[in-house]
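Subject: Structure handover

Hello,

Here is the structure I promised to pass on. Please open it alongside this note.

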Amino acid sequence: MLNIVLFGPPGSGKGTQAQFLEQKYQTPQISTGELFRYNLKNNTELGQQAREYMDKGSLVPDEITTKMLVQELDKGKGPNGYIFDGYPRTTSQAEALDVILAEKFDDEVTVTVALVVDDEVLVQRLLERGKTSGRSDDVDESIIRHRITEYYAKTAEVAEHYKAQGKWVEIDGIGEIDEITTKLIEAINKAMIKE
């Protein structure tokens, strides 16, 4: 199996690249954002639990997010593996993912790829996206900067987890979309050979 963890701050092009990788490797993308939207929209038990925290302005505990992920994996859509987008976000989630993949599939994360983009480029990309996305968090520069700072604060410890396993690769996320896709594919193929 090919299990890719995709990292990148808001505006890094992670969602776009995940779609290309999905087609290339025939591995479904599991997006934490999509899992949350699905569970909230359908008012599932996990969605209700998550909403209780969100309504208070609190972070949803790792345990609830992990349960959503496990439910998705239980659907068994990825015989070739998965692309994880937005999970893990904390060290405890990274440790949980290691255990889940080992127990469910007798497998592990193949590679963790982080798209690296200069903060000012991210801000401009998100402000541009905000003109058409309809997302309120894409139009306020201070909110955008806060989201980027938050991303780095959370990702630093997860990066250390995967660096210790020799599974962390950084890719320059600035350039033409197809150039970035090519770099990602090269990094992933190299990691597959190492396995």
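Below is what turned up, starting with the cores and ending with the salt bridges.

Keep in mind that this is a predicted model.

**Cores**

The largest nonpolar core has 27 residues. Leu69, Phe84, Leu97 and Tyr162 have the most contacts inside it. Several elements each supply at least two residues of this core: β1 (2–7), α2 (32–41), α3 (45–55), α4 (62–74), β3 (81–85), α5 (91–105) and α7 (141–164). The largest share, five residues, comes from α5.

Apart from this core lies another, of 17 residues. Its members include Ala18, Leu115, Ile180 and Ile188.

Look at Leu69 next. Beyond its neighbours within four places in sequence, Leu69 is in contact with Ile30, Leu35, Phe84, Tyr87, Leu97 and Ile100. Two of these partners, Phe84 and Leu97, are also among the residues with the most contacts inside the largest core.

**Helix α5**

α5 has 15 residues. From its first C-alpha to its last it reaches 21 Å, close to the 21 Å expected at 1.5 Å a residue. Which of its residues are buried? They are Gln93, Ala94, Ala96, Leu97, Ile100 and Leu101. Seen down the helix axis, the buried residues of α5 fall within an arc of 160 degrees, so they line one face. They pack against β1, α4, β3 and α7. Just after the helix, Asp106 takes a positive phi of about 50 degrees.

**Thr32**

Thr32 is found in helix α2. Is Thr32 buried or exposed? Thr32 is buried, with a relative accessible area of 10%. Its side chain reaches the backbone nitrogen of Tyr87 at 3.3 Å. Leaving aside neighbours within four places in sequence, Thr32 is in contact with Thr65, Asp85, Gly86 and Tyr87. Tyr87 is thus a contact of Thr32, and Tyr87 is a contact of Leu69 as well.

**Salt bridges**

How many salt bridges does a search of the whole structure find? It finds 14. Side chains of opposite charge can pair when their charged atoms come close. Three pairs within helices are worth a look.

- α2: Arg37 forms a salt bridge with Glu34, with the closest N and O atoms 2.9 Å apart. Both lie in this helix, three residues apart, about one turn. Glu34 is partly exposed, at 48% relative accessible area.
- α7, at Glu141: the side chains of Glu141 and Arg145 meet at 3.0 Å, N to O. The two residues are four apart in α7, about one turn of the helix. Glu141 is partly exposed at 35% relative accessibility, and Arg145 is partly exposed at 30%.
- α7, at Glu160: the salt bridge between Lys163 and Glu160 is 3.8 Å, N to O. These residues lie three apart in α7, again about one turn. Lys163 counts as partly exposed at 42%, and Glu160 is partly exposed at 49%.

Why do such spacings suit a pair? An α-helix has 3.6 residues a turn, so residues three or four places apart point the same way.

Finally, there is a network of salt bridges. It links Arg129, Asp137, Asp138 and Arg147.

Best wishes

Methods:
Residues are numbered from 1 along each chain as its sequence is written. This is a predicted model: local features need pLDDT of at least 70, side-chain atom pairs count only at pLDDT 80 or more; totals for chains, interfaces and linings use all residues. Side-chain values use heavy atoms; hydrogens and water are left out. A nonpolar core is a set of buried Ala, Val, Leu, Ile, Met, Phe, Trp, Tyr and Cys residues joined through side-chain atoms within 4.5 Å. Buried means under 20% relative accessible area, exposed over 50%, partly exposed in between (1.4 Å probe, protein chains only). Contact means heavy atoms within 4.5 Å. A salt bridge is a side-chain nitrogen of Lys or Arg within 4 Å of a carboxyl oxygen of Asp or Glu. A polar contact is a pair of N or O atoms within 3.5 Å; within protein, one must be able to donate a hydrogen and the other to accept it, and residues adjacent in sequence count only if both atoms are side-chain atoms. The expected span of a helix is 1.5 Å times one less than its number of residues. The arc is that of the directions from the helix axis to the C-beta atoms.
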